[in-house]
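Hello,

Here is the structure I promised to pass on to you. Please have a look at it first, and then read my notes below.

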Amino acid sequence: MKRGARGAVLHLNSKTSLYCGFTILRLPRKKPYDRQRYQITHEGHYYGIDFALAEACRTIDRIINADLFIIH
């Protein structure tokens with residue numbers, strides 16, 4: 001289990017992880033990227049794609065720290 005700045009990343013299966021209430025979905029490798037991509041969502045809202053799980057966690061931390069996201 002990996003840890004981000006705010007806690008552990010919970011792996012639900014080989015493609016889906018949870019971090020701070022956000023869903024991180026591992027996308028298939030496709031051209032033109034040919035790199036692993038991780039899509040960030042929360043309650044149906046899309047927050048972008050990163051190329052590493054650690055980057056996705058940092059993006060979520062930045063969203064929470066910037067008060068762009070209100071936790072209910």
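**Strands, a turn and two cysteines**

Let me start with one pair of residues: H42 has H45, in strand β7, as its bridge partner. The model is a predicted one, so please keep that in mind as you read on.

That pair belongs to a hairpin formed by β6 and β7, with two residues between the strands. One residue to look at there is E43, which takes a positive phi near 50°. The two strands, β6 and β7 (residues 45–50), run antiparallel and are joined by five bridges.

On the other side of the pairing list, β6 (residues 37–42) also pairs with β5 (residues 22–27), again in the antiparallel sense and over five bridges. If you would like a place to find that pairing, look at L27, whose bridge partner in β6 is R37.

Stepping back to the whole chain, you will find seven strands and one helix. Along the sequence the order is β-β-β-β-β-β-β-α. The chain has 72 residues, of which 35% count as buried. It exposes about 5000 Å², and 52% of that is supplied by carbon and sulfur atoms. As for contacts between residues at least 6 apart in sequence, 22% join residues at least 24 apart.

Next, the cysteines. How many disulfides does the chain have? The count comes to zero. C20 is in no disulfide, and the nearest cysteine sulfur to its own belongs to C57, 7.8 Å away. Why is there no bond for C57? Its sulfur is too far from the closest cysteine sulfur, the one in C20, because the two are 7.8 Å apart and a disulfide needs the sulfur atoms within 2.5 Å. Their surroundings can be described too: C20 is partly exposed, with a relative accessible area of 30%, whereas C57 is buried, at 6%.

Finally, a word on confidence. The mean pLDDT of the chain is 86, and 82% of its residues reach 70 or more. Which strand has the highest confidence, and which the lowest? Strand β5 is highest, with a mean of 97, while β1 (residues 3–4) is lowest, at 57. Where pLDDT is low, the predicted coordinates should not be read in detail.

Happy exploring, and write back with any questions.

Best wishes

Note on methods:
Residues are numbered from 1 along each chain as its sequence is written. This is a predicted model: local features need pLDDT of at least 70, side-chain atom pairs count only at pLDDT 80 or more; totals for chains, interfaces and linings use all residues. Side-chain values use heavy atoms; hydrogens and water are left out. Helices (H or I, at least four residues) and strands (E, at least two) are DSSP runs, numbered from the N terminus. Buried means under 20% relative accessible area, exposed over 50%, partly exposed in between (1.4 Å probe, protein chains only). Contact means heavy atoms within 4.5 Å. Accessible areas come from the Shrake-Rupley method with a 1.4 Å probe; for residues, only the protein chains shown count as cover. Two strands pair if DSSP finds at least two bridges between them. pLDDT is the predictor's confidence in each residue, from 0 to 100.
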